[in-house]
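Welcome, and thanks for taking a look at this one with us. Please open the sequence and the structure side by side, and we will walk through them together.

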Amino acid sequence: MRIGSIINGQEYNEANRKTLAVHNPYNQEKVADVALATVNDLHQAVDQCYETFHQTMKKMPAYQRSDILLKAARLLEERKEDFAETIVKEAGKPLKYSRGEVDRAVQVLRFASESAKHIYSEVIPLDAAIGGENRLGFTKRIPLGVVAAITPFNFPLNLSLHKIAPAIAAGNTLVFKPAEKTPISAYMLVKLLHDAGLPKGALNLVMGEGGEIGDPLVKHEKVHKVTFTGSLPVGKEIRKNAGFKKITLELGSNSPNIIFDDVDIDHVVADLVKGAFAFSGQVCISAQRIYVHKSLYDSFLMAYIKKTEALVVGDPMNEETDFGPMINEEEAKRAKLWIDDAASKGATIETGGERRGTILKPTIMTNVKDDMKIIAEEVFAPIVSVIPFETEEEVVKESNDSIYGLQAGVFTKDINRALRVADQLEMGGVWINEISTYRQDNHPYGGVKQSGIGREGVKYAVEDMTEEKFIGINLNEERS
Ligand code: NAD
């Protein structure tokens, strides 16, 4: 398979282009060659977006935008297996989770289809100001223009749609730069949206590496908004380069989960195995720090290790596999180094800790300290730490002791305590009696501190993909 960029519906895939190979992270088989875009192609893609925005998208009525998104949802349902298997091959995500990602992506399209018809504005009571009599003022939410969408490898379909679907719902056009590690589902997605009736020039795909194609895209003068999901270092770079553009940054975290002393641990154990090890921990809200009240610590740890060791590790294409490879060997080696570094400073590896190629065994650590990388930084790997605590005050303080603040989980039967702790956690979102790793596609989602800027969750992204324009009318008779 050989794929390329798609600009105005045309594929840029000539034989003389530089290519990048995509390999299956599990068995290293080559899955595709990707023909890379040049900076010239990028300019063409932005120009095409600019043109299609002014000629077509900004005039397209809401019902048409909504219909296109609904048709895309139906097509994605029909093509579910194809997309799921592609995600398995390019990302190494176990089949059951890849299917789950496609199901969520269908919902994102459906939410966006509905949102397109509900972009409301307001009437301003202008007579509230002295001299404002006989004036009418109202706002309109208008699309921005060209949106640059830059996405990561870990949810290559759904996180791309969290940008593309709201941008279309609002009437924008997009240049889409997917992660170079997972470009195939992106390519299939662009084709699908074109098949659903989206004007070809409204969504242009550019293939390439971050520094070469992403960077000039972020700096391009005709781009009105940059929406990025990815790591903190790249997010910082983008923030610096975006200038006056609107910006959404969905970055990393080291999510805490807190288990108080009144919890039935059986359910929590099963949920937190999934929460820490789904897709080998390569999830931005993966459970990284589990704080357990000291009265439950020993029993929790024992049950947690047992359940973790029961995970089916292997080929992500198998239906039964729970746990597969990391995205590449480099990442698996990096994660292993972090484990060894912590162990050399006194941490205990309760289970896991071994690496074979791209597979790093699900790893549980204890006796960790705040300054170890596996606590202080985003591990983005199948490594979780279990930490005892005594008081509510202490656990809130430790949870907040981070540069990140994306999502947390709090487990307790005491509703007053749950709400008190939720209020005190410095996070974009807090789940009560649910793991930090749980996300629905219709709630506001995004971070505080260095976890990001802005919110996704379709309705909230649509707001961020529009500008509020004011129109006022002087109704005094002598003027009309
Ligand atoms: P990454 O930051 O390495 O890459 C993300 C994208 O940025 C890729 O498309 C890459 O090509 C591009 N890029 C790289 N350098 C660039 C530059 N200078 N200018 C413009 N674009 C550039 O991230 P990744 O490894 O693909 O994904 C993992 C990271 O994503 C983790 O840190 C994870 O926490 C984060 N993430 C966050 C969320 C969220 O919603 N908050 C969701 C998923 C992943």
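What covers the buried residues of H8? The cover includes S8, helix H7 (210-219), strand S11 (225-229) and strand S12 (246-250). Please keep in mind that this is a predicted model. The points below begin with the whole chain, then come back to H8 and move on to the aromatic rings.

**Overall build**

- The protein contains 15 helices and 23 strands. Its radius of gyration is 24 Å, close to the 23 Å that the globule rule gives for 480 residues, so the protein is as compact as a globular protein of that length.
- Measuring along the principal axes is a handy way to frame the view: the C-alpha atoms fill a box of roughly 80 × 65 × 40 Å.
- Of the 480 residues, 56% are buried.
- Among contacts with a separation of 6 or more, 72% are made by residues 24 or more positions apart.

**Surface and charge**

- About 20200 Å² of the protein is exposed, and carbon and sulfur atoms supply 49% of that area.
- The protein carries 58 positive and 68 negative charges, and the mean positions of these two sets are 4 Å apart.

**Helix H8 and its end**

- Helix H8 spans residues 232-241, and its buried residues are Leu232, Gly235, Ile238 and Asn241.
- An α-helix has 3.6 residues a turn, so residues three or four places apart point the same way.
- After H8 comes Gly243, which has a positive phi near 60 degrees.
- Strand S8, part of the cover over the buried residues of H8, also borders a loop that you will meet in the next group.

**Aromatic pair Phe153 and Phe380**

- The count of aromatic pairs in the protein comes to 5. One of them joins Phe153 and Phe380 in an edge-to-face arrangement, with 6.0 Å centre to centre and 80 degrees between the planes.
- Phe153 sits in the loop between strand S8 (146-150) and helix H5 (158-169), while Phe380 sits in the loop between helix H12 (373-376) and strand S19 (383-389), so the pair ties together parts that are 227 residues apart in sequence.
- Phe153 and Phe380 are both buried.

**Aromatic pair Phe300 and Tyr304**

- Phe300 and Tyr304 form a stacked pair, with 5.0 Å centre to centre and 25 degrees between the planes.
- These two residues are 4 residues apart in helix H10 (residues 297-309), and therefore about one helical turn separates them.
- Phe300 and Tyr304 are both buried.

**Phe279, Ser280 and the ring cluster**

- Which residues do ring pairs link into a cluster with Phe279? They are Phe153 and Phe380, the two partners of the edge-to-face pair described above.
- Phe279 is found in the loop between helix H9 (265-277) and strand S14 (289-293). Its relative accessible area is 3%, so Phe279 is buried.
- The backbone of Phe279 deserves a look as well: phi is positive, about 45 degrees, although the residue is not a glycine.
- Ser280 also lies in the loop between H9 and S14, and its phi is positive too, near 50 degrees, in a residue other than glycine.
- Is Ser280 buried or exposed? With 2% relative accessibility, Ser280 counts as buried.

How values were computed. Residues are numbered from 1 along each chain as its sequence is written. This is a predicted model: local features need pLDDT of at least 70, side-chain atom pairs count only at pLDDT 80 or more; totals for chains, interfaces and linings use all residues. Side-chain values use heavy atoms; hydrogens and water are left out. The radius of gyration is taken over C-alpha atoms; the globule rule is 2.2 Å times the number of residues to the power 0.38. Buried means under 20% relative accessible area, exposed over 50%, partly exposed in between (1.4 Å probe, protein chains only). Contact means heavy atoms within 4.5 Å. Accessible areas come from the Shrake-Rupley method with a 1.4 Å probe; for residues, only the protein chains shown count as cover. Lys and Arg count as positive and Asp and Glu as negative; His and the chain ends are not counted. The place of a charge is taken as NZ of Lys, CZ of Arg, CG of Asp or CD of Glu. Rings of Phe, Tyr and Trp (its six-membered ring) pair if their centres lie within 6.5 Å; planes under 30 degrees apart count as stacked, over 60 as edge-to-face and the rest as tilted.
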